[in-house]
Amino acid sequence: MQDNTTPKEKLLKKIRKALLEKRENPYPNLEEMPLYPETDEMLEVIFAEELSKVNGVFVYCESEIHFIENVLQLAEEHKWRKIYCWEPPLQKLLQTYGYPFYTTDKDFEQAEVGFTLCEALIARNGSVLVSNGNAAGRRLSIYPHQHVVVAYASQLVLDLKNAFNLLKEKYGNNLPSMLSVITGPSRTADIEKTLVLGAHGPKELFVFLLDDLA
């Protein structure tokens, strides 16, 4: 007798049978098992290596003066003029050393550089976690061609789950409405499988890591 059951019906039959049969979990401790091997490498080193793999630039700063010196050098090399910074703590840092920037969104369509803080740096994949919980909002990390992130040592974590723990400590149950994980400059390979940087956002990403202020 010919079996007229279609492949789709056979698949659904197998699924129904599997749902009816109760089996013990063959991997009861799977969720507790580490996804990655343990490492003794410093988080700063892991983050710097992973960030460089995705075309980001990592700069460790021993002091605020060292940070300003590096920023001045970058600005000279890249001919930065339209620099925007909207977060008060970061504005205070730049103003202390007389570094010029825009505090409003005037002429924002001409913005070349966006200076922002972040929520965390994720060492495992060289990513930056940002949100709209800070004054930089949604635009400043997306629109300008260059994105400069200023982070502190206490924000450097190993994995994404550790970054979420920082968010919970900071915001409790009032999490920001927008969270974004940035891994290197914006990129796409949709057109003829050719990698293009800056297709949907910043063409360059710079991450400055400073020690926490006493």
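**Exercise 1.** Find which residue stands opposite I122 in β5.

*Solution.* Start at I122: its partner across in β5 is S127. Now zoom out to the strands, which are DSSP runs of E with at least two residues, numbered from the N terminus. Strand β4 (residues 120-122) and strand β5 (residues 127-131) run antiparallel and are joined by three bridges; strands count as paired if DSSP finds at least two bridges between them.

A word on the model: it is predicted, so local features need pLDDT of at least 70 and side-chain atom pairs count only at pLDDT 80 or more, while totals for chains, interfaces and linings use all residues. Residues are numbered from 1 along each chain as its sequence is written, and side-chain values use heavy atoms, leaving out hydrogens and water.

**Exercise 2.** Work out the strand order of the open sheet, and which strands are at its edges.

*Solution.* First, the order: four strands run β7-β4-β5-β8, with mixed pairing. Next, the edges: β7 (156-157) and β8 (179-182) each pair on one side only.

**Exercise 3.** Place L160 and decide: buried, partly exposed or exposed?

*Solution.* Step one: L160 belongs to helix α5 (residues 160-171); helices are DSSP runs of H or I, at least four residues. Step two: its relative accessibility is 36%, so L160 is partly exposed. The cut-offs are under 20% relative accessible area for buried and over 50% for exposed, with partly exposed in between (1.4 Å probe, protein chains only). Step three: 9.0 Å separates the C-alpha atoms of L160 and A120, which are 40 residues apart along the chain.
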